[in-house]
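Visitor: I should like to learn how a protein model is read, step by step. May we begin with the whole chain and then turn to its parts?

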Amino acid sequence: MADTDGESSVDDSLVFPDDIGTAIVFLDKEALLARLTTDHRSERKQAVVDRFFEISGDRAYYVTDAYVVAEVISAFRSKRGAHEALDLYEDIKDSDLVVQHGSDSWESNNLTASPRTVLDAAAEFLAQYPKHDVSIQEAILILQAKRGDDYLFSFDGPIRKLGRACGLSVYPVTEEIYLG
C-alpha cells in the first residue's frame, strides 16, 4: 500500500498474498459496507479495502450471503434513508458480487436448504463456539466459507477470531493494517 501520510507502508502480502491464486472471498457486513460506501470507514480502512480489491482483482470471486445483504441495507437505511438504501440494493444486484442463501444462489427458485435449515445449521454451529460473540448471519457466512477452501475478508474482530478458529484464512492478516 502506498505511503501517503508518512506512515510505514503495508506489505501487500498481509492484505492478499500473491501465492493465493484464484480464490473465493467471502465478505462480511463491514467489508461489504466498506467496499460499496464511504460512510462506514476510516481513511485507513478505505485504503486497505481499495488496495485489497486492487490486488485481488481478477484472482478473486467475491461472495456474501443474503442475510448479510439484508444487514447492510438495514444499516445503510438507518444512516442515509430509504431511497439511498434502495439505490445501494440496486447497486448490489447489478454488481459482480455473488450472493448466496445457504449453498444456493439467492436467485434460485429451487433451494436445497430452507431458511430454517440454514438458520438451524448456524445455531448449531454457534453452540459449538459459545465463547465467540458473532451474530447468526455472521455464523452463516463463516459456514459458507468453511464449505470450500475459501477466504474471509473482515474488519470485525469476533468474526475474524471465529473464522481463524475454524481454520479459515482471514484477510487482512492483522488488524494493525487498518487500525493504524
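**Reading the model**

Guide: We may begin with the secondary structure, which comes to 9 helices and 6 strands in this chain. Please bear in mind that the model is predicted.

Visitor: What share of the residues of the chain counts as buried?

Guide: Of the 180 residues, 44% count as buried. The accessible surface of the chain is about 9500 Å², and carbon and sulfur atoms account for 46% of that surface. Contacts may also be sorted by separation along the chain: among those with a separation of 6 or more, 61% are between residues 24 or more positions apart.

Visitor: In what order do the strands of the sheet lie?

Guide: The 6 strands form an open sheet in the order S4-S3-S2-S1-S5-S6, and the pairing is mixed. S4 and S6 (169–171) have a single partner strand each and stand at the edges, so each has one side without a neighbour in the sheet. Helix H8 (residues 157–165) packs on the sheet, where it touches S5 and S6, and its direction makes about 155 degrees with that of S6.

Visitor: How should I picture the side chains along a strand?

Guide: As a general idea, the side chains of a regular strand alternate between the two faces of the sheet. A strand can then be described by its cover and its partners. In S2 (residues 60–65), 5 of the 6 residues are buried, and the strand is mostly covered.

Visitor: Which strands pair with S2 in the parallel sense?

Guide: One is strand S1 (residues 23–27), which pairs with S2 in the parallel sense over 4 bridges; here Val25 stands opposite Tyr62 in S2. Another is S3 (residues 98–101), which runs parallel to S2 and is joined to it by 3 bridges. Along that pairing, Val63 stands opposite Val98, Thr64 opposite Val99, and Asp65 opposite Gln100.

Visitor: In which sense do S3 and S4 pair?

Guide: S3 and S4 (residues 104–105) pair in the antiparallel sense over 2 bridges. His101 has Asp104 in S4 as its bridge partner. The two strands form a hairpin with 2 residues between them, and Gly102 in the turn has a positive phi of about 65 degrees.

Visitor: How does one describe two helices that pack together?

Guide: The general description uses the angle between the two axes and the distance between them. Here the axes of helix H2 (residues 29–36) and helix H4 (residues 66–80) come within 9 Å and cross at roughly 55 degrees. H2 is therefore oblique to H4. The crossing of these two helices is right-handed.

Visitor: Which residues of H2 and H4 meet?

Guide: From H2, Lys29, Leu32 and Leu33 take part; they meet Val68, Glu71, Val72, Ala75 and Phe76 of H4.

Visitor: Let us close with a single residue. Does Tyr151 count as buried or exposed?

Guide: Tyr151 lies in strand S5 (residues 151–153). The cut-off for buried is under 20% relative accessible area. Tyr151 has 13% relative accessibility, and therefore counts as buried.

Visitor: Which residues does Tyr151 touch, leaving aside those up to four places away in sequence?

Guide: With those left aside, Tyr151 touches Ile20, Ala23, Ile24, Val25, Phe26, Ala145, Ser169 and Tyr171. A distance between C-alpha atoms can be read as well: those of Tyr151 and Val63 are separated by 9.9 Å, although the two residues are 88 residues apart along the chain.

Terms used:
Residues numbered from 1 in each chain as written. Predicted model: local features only at pLDDT ≥ 70, side-chain atom pairs only at ≥ 80, totals over all residues. Heavy atoms only, no water. Buried < 20%, exposed > 50% of the residue type's maximum accessible area, 1.4 Å probe, protein only. Contact = heavy atoms within 4.5 Å. Areas by Shrake-Rupley, 256 points an atom, 1.4 Å probe, with all protein chains shown as cover. Pairing = 2+ DSSP bridges. Axes fitted to C-alpha atoms, helices over the stretch in contact; angles between N-to-C directions. Parallel < 35°, antiparallel > 145°, perpendicular 65-115°, else oblique. Left-handed = near helix turned anticlockwise from the far one by under 90°.
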